[in-house]
Amino acid sequence: MAPRERIIIPLDMPDLARARAMATALAPHVGAMKVGLELFNAAGLPALSELVATGARVFYDAKLHDIPNTVAGAVRAVTAAVPGLWMINVHTTGGSAMMAAAVEAAKGAEHSPLVIGVTVLTSLDAQQLRDELSVSCTPAEQVVRLAELAQRCGLDGVVASPLEAAAIRAACGPDFLIVTPGVRPAGSDMGDQRRATTPRQAVDNGSDYLVIGRPITGAADPVAAARAIAEELA
Ligand code: C5P
């Protein structure tokens, strides 16, 4: 895969006009566009449809987390409304029946998207996991446990921190996709990310795709920022 194809841009923006402009500028320099909760709740399905129509790979970061029947219904609804979605995700903590229902619904679509599972949000650290969520093992142990569960349920891969990518790769093998937010070029602002590392380190750890938002979309020159990261990966 060419280095630039590893980069996924989260279009975390409050309106479609801004997202469209960012996607148009960055498309030749990156691998995919991600529509997450902010843009989807601002612009809805047309945001997905319009981006798919440009020929871009589109990852709908839906982060579905509900009972199996409801999650399956959501996957069926969005894949029918937006044929050609590249990737969609669910929370692995919804459990095995929910993940299996999501996979079955995706497989039933005319154009099946990849289905991946969010493990532990990259904004959570070990202390929060322990004190707030009663997860007594390390973030890496929890992530690997959830990744193995996702793989058993037929998911194509997981979302995790690049700090856990090597452990996931060792546990789940070479073909399981690892998508990592929590990527920060050296010297850039961490924002709310807690378990983060550099683009180069993320790929060396085994990440397939890097979700890199604010260091690119918030830069004075987003195209230059994306190109610099692709060069770092080459
Ligand atoms: O701007 P930044 O690079 O932090 O953006 C990261 C993106 O990845 C956001 O769109 C966020 O919703 C998403 N994400 C994340 N952590 C996860 C899953 C998704 O940061 N575990």
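A residue counts as buried here when its relative accessible area is under 20%. With that cut-off in hand, let us walk through this model, which is a predicted one. Y209 has a relative accessible area of 8%, so Y209 is buried.

Y209 is a good place to start, since it belongs to an aromatic pair. Searching the whole structure turns up 2 such pairs. In the one we look at here, the ring centres of W86 and Y209 lie 5.2 Å apart and the ring planes meet at 85 degrees, so the pair is edge-to-face. Along the chain these two partners are distant, with their positions 123 residues apart: W86 sits in the loop between α4 (68-81) and β4 (87-91), while Y209 is part of strand β8 (residues 209-211). And W86, buried or exposed? Its relative accessibility is 12%, so W86 counts as buried.

The loop that holds W86 follows α4, so let us turn to that helix next. Two packed helices are described by the angle between their axes and the distance between the axes. For α4 and helix α5 (residues 96-107), the angle is about 25 degrees and the axes are 8 Å apart. Angles under 35 degrees count as roughly parallel, and α4 and α5 are therefore roughly parallel to each other. Their crossing is right-handed. If you would like to find the contact in the viewer, α4 brings P68, V71, A72, V75 and R76 to it, and α5 brings A97, M98, A101, A102, A105 and A106. Sorted by class, these residues come out as 10 nonpolar, no polar and 1 charged.

Now for another helix pair. Helix α1 (residues 16-26) and helix α11 (residues 222-233) have axes that come within 9 Å and cross at roughly 45 degrees. That angle makes α1 oblique to α11. The crossing of α1 past α11 is right-handed. Which residues make the contact? On the α1 side they are M22, A25 and L26, and on the α11 side P222, V223 and A226. By class, this contact of α1 with α11 has 6 nonpolar residues, no polar ones and no charged ones.

Just along the chain from α1, in the loop between α1 and β2 (32-35), you will find H29. The relative accessibility of H29 is 19%, so H29 counts as buried. Leaving aside residues up to four places away in sequence, H29 touches R4, V223, A226 and R227. Two of those names, V223 and A226, also appeared in the contact between α1 and α11. H29 and I229 are 200 residues apart in sequence, yet their C-alpha atoms are 10.0 Å apart in space.

To finish, here are two backbone details to look up. K63 is a residue other than glycine with a positive phi, near 45 degrees. K63 lies in strand β3 (residues 58-64), and its relative accessibility of 26% means that K63 counts as partly exposed. S134 is not a glycine either, and its phi is also positive, at about 55 degrees. Where does S134 sit? Its place is the loop between α6 (126-131) and α7 (139-152). The relative accessible area of S134 is 65%, so S134 is exposed.

Note on methods:
Residues are numbered from 1 along each chain as its sequence is written. This is a predicted model: local features need pLDDT of at least 70, side-chain atom pairs count only at pLDDT 80 or more; totals for chains, interfaces and linings use all residues. Side-chain values use heavy atoms; hydrogens and water are left out. Axes are lines fitted to C-alpha atoms, for helices over the stretch in contact, and angles run from 0 to 180 degrees between N-to-C directions. Helices (H or I, at least four residues) and strands (E, at least two) are DSSP runs, numbered from the N terminus. Angles under 35 degrees count as roughly parallel, over 145 as roughly antiparallel, 65 to 115 as roughly perpendicular and the rest as oblique. A crossing is left-handed if the near helix is turned anticlockwise from the far one by less than a right angle, and right-handed if clockwise. Contact means heavy atoms within 4.5 Å. Ala, Val, Leu, Ile, Met, Phe, Trp, Tyr, Cys and Pro count as nonpolar, Asp, Glu, Lys and Arg as charged, and the others, Gly among them, as polar. Rings of Phe, Tyr and Trp (its six-membered ring) pair if their centres lie within 6.5 Å; planes under 30 degrees apart count as stacked, over 60 as edge-to-face and the rest as tilted. Buried means under 20% relative accessible area, exposed over 50%, partly exposed in between (1.4 Å probe, protein chains only).
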